[in-house]
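Student: I have a structure open and don't know where to begin. Can you walk me through it?

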Amino acid sequence: MAELRSTTGAPHARILGLGAYRPTRVVPNSEIVDRIDSSDEWIQQRSGIKERRWAGPEETVAAMSLAAAREAVERSGVDPRQIDAVVVATVSHFMQTPAVATQIAFELGTEQAAAFDISAACAGFCHGVALASDMVRSGSAGHVLVVGVERLSDITDLDDRGSAFIFSDGAGAAVVGPSDTPGISPVVWGSDGEQFDLIRSRQDWREVIEDDAPRMPHLVMQGNSVFRWASFTMAKVAQQALDRAGIAPEDLDCFVPHQANMRITDAMARAMKLPASVRIARDIAEQGNSSAASIPLALDRMYADGDAKSGDTALLIAFGAGLAYAAQVVVLP
Ligand SMILES: CC(C)(COP(=O)(O)OP(=O)(O)OC[C@H]1O[C@@H](n2cnc3c(N)ncnc32)[C@H](O)[C@@H]1OP(=O)(O)O)[C@@H](O)C(=O)NCCC(=O)NCCS
């Protein structure tokens with residue numbers, strides 16, 4: 001039997017550059033509250049959200065992805081022709097095929113990079129980083145562009161008291177490439193499909209078109225159950241990610257959880273007994289929950305505020321519909 005060749009890649013992988021794009025339209029709680037009989041005070045107290053960003057007609061999934069990707073590529077110093085794969089994490093690109101990643105790969109000027117979309121909801125960005133790290137280390141790609149992007153305002157039910165105030169739009173991107181030293185720790189990831197009903201589309205596309213009054217399939221969520229799962233189970237996953245990276249909470253500079261709810265972030269930080277020296281991402285106050293885009297957007301704000309800098313050690317943990325989750329420790333570019 002013929003023996004097939006195998007490949008090995010770089011000894012390690014790391015993030016070489018990050019980019020972000022926030023839609024220009026700022027939507028304060030005051031614009032949301034009337035339709036759901038709520039108040040700015042209630043929303044801030046229960047979720048930590050003061051305002052969110054919603055995309056305008058020109059700020060499509062492709063346009064926001066490209067803006068974030070261009071920034072990440074420029075900051076990485078990598079020539080787009082060196083990018084061998086583009087992975088886009090999203091659940092709100094409504095052209096089902098082809099993958100939006102192919103458009104990004106072309107517009108960026110890659111040389112026909114492999115390009116595909118992944119669906120892991122709010123956990124999408126960390127799934128993408130894990131894939132990219134493995135691709136670089138296995139030799140299947142030299143450099144990988146990972147994008148997390150959403151236009152959740154298209155599928156948010158503005159009359160739903162439990163979710164109208166939470167979701168938002170935006171994009172973030174990372175270029176992952178070779179490294180002599182470890183820059184992305186082994187991922188801890190998984191899914192609890194028994195609870196797939198907790199956050200999901202209200203209808204599938206067939207049900208939408210058969211409906212008497214067709215409309216976008218809104219996200220529906222059992223907020224209380226999601227809250228409990230995220231606050232308790234995800235703190236354990238975060239600890240496992242630290243263990244796999246071989247570091248203690250004291251070694252961390254930044255904690256960057258998915259921006260789901262400020263109270264979930266606080267509950268996780270308490271459960272992990274994070275020391276006060278660890279800077280915690282709190283982008284949700286001004287950005288809302290932008291699902292796959294939330295971690296790179298949160299990092300973007302931490303850099304801008306001086307809470308993150310090159311060489312810092314950051315724990316990323318993302319979780320959401322599925323219920324899917326992924327966590328890893330990275331060295332910041
Ligand atoms: C959505 C969320 C903020 C709701 O908070 P909650 O404390 O669970 O709210 P509940 O549904 O238990 O309702 C509590 C009370 O607030 C009221 N309420 C619910 N929504 C309200 C709103 N938008 N405005 C004002 N009051 C509201 C309820 O009627 C209820 O009143 P009652 O006590 O008089 O019966 C919370 O469940 C949450 O953040 N869950 C996680 C969501 C999330 O992170 N999703 C993304 C994961 S990727």
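Tutor: Start with a term: buried means under 20% relative accessible area, exposed over 50%, and partly exposed in between, using a 1.4 Å probe and protein chains only. Strands (E, at least two residues) and helices (H or I, at least four) are DSSP runs, numbered from the N terminus. By that measure, ten of the eleven residues of β7 are buried.

Student: Where do these coordinates come from?

Tutor: This is a predicted model; local features need pLDDT of at least 70, side-chain atom pairs count only at pLDDT 80 or more, and totals for chains, interfaces and linings use all residues. Residues are numbered from 1 along each chain as its sequence is written, and side-chain values use heavy atoms, with hydrogens and water left out.

Student: OK, back to β7. Which strands does β7 join, and how do they run?

Tutor: Strand β7 covers residues 169-179 and is joined to β1 by nine bridges, the two running antiparallel. Eight bridges link β7 to β6 (residues 143-151), again antiparallel. Two strands pair if DSSP finds at least two bridges between them.

Student: Which residues are bridge partners there?

Tutor: H12 has S179 of β7 as its bridge partner, and L18 stands opposite A174. From the β6 side, V147 is partnered with A173.

Student: And how many residues of β1 are buried?

Tutor: Seven of the ten residues in β1 (12-21) are buried.

Student: Switching topic: what surrounds the ligand?

Tutor: 22 residues do, and the closest are S38, R46, R161, N224 and N261. A residue is near a molecule if one of its heavy atoms lies within 4 Å of it. Helix α6 gives the largest share of that shell, four residues.

Student: What polar atoms face the ligand's nitrogens?

Tutor: A polar contact is a pair of N or O atoms within 3.5 Å; within protein, one must be able to donate a hydrogen and the other to accept it, and residues adjacent in sequence count only if both atoms are side-chain atoms. A polar backbone atom of G223 lies 2.9 Å from a ligand nitrogen, and a polar side-chain atom of W42 is 3.4 Å from a nitrogen of the ligand. On the oxygen side, a backbone N or O atom of A260 is 3.5 Å from a ligand oxygen.

Student: How much of the ligand does the protein bury?

Tutor: The protein buries 71% of the 960 Å² that the ligand exposes when taken alone. Those accessible areas come from the Shrake-Rupley method with a 1.4 Å probe; for residues, only the protein chains shown count as cover.

Student: Any odd backbone spots? Where is the peptide bond at P98, cis or trans?

Tutor: The bond between T97 and P98 is cis, with omega about 0°. P98 is in the loop between β4 (83-89) and α3 (100-108). Another cis bond joins G322 and L323, where omega is about -5°.

Student: What is usual, then?

Tutor: Most peptide bonds are trans, and most residues other than glycine have a negative phi.

Student: Which residues other than glycine have a positive phi?

Tutor: Among them are D37, with phi near 50°, and K273, with phi near 55°. D37 lies in the loop between β2 (25-28) and α1, while K273 is in the loop between α7 (262-271) and β12.

Student: Are those two buried or exposed?

Tutor: D37 is exposed, at 61% relative accessible area. K273 counts as exposed too, at 69%.
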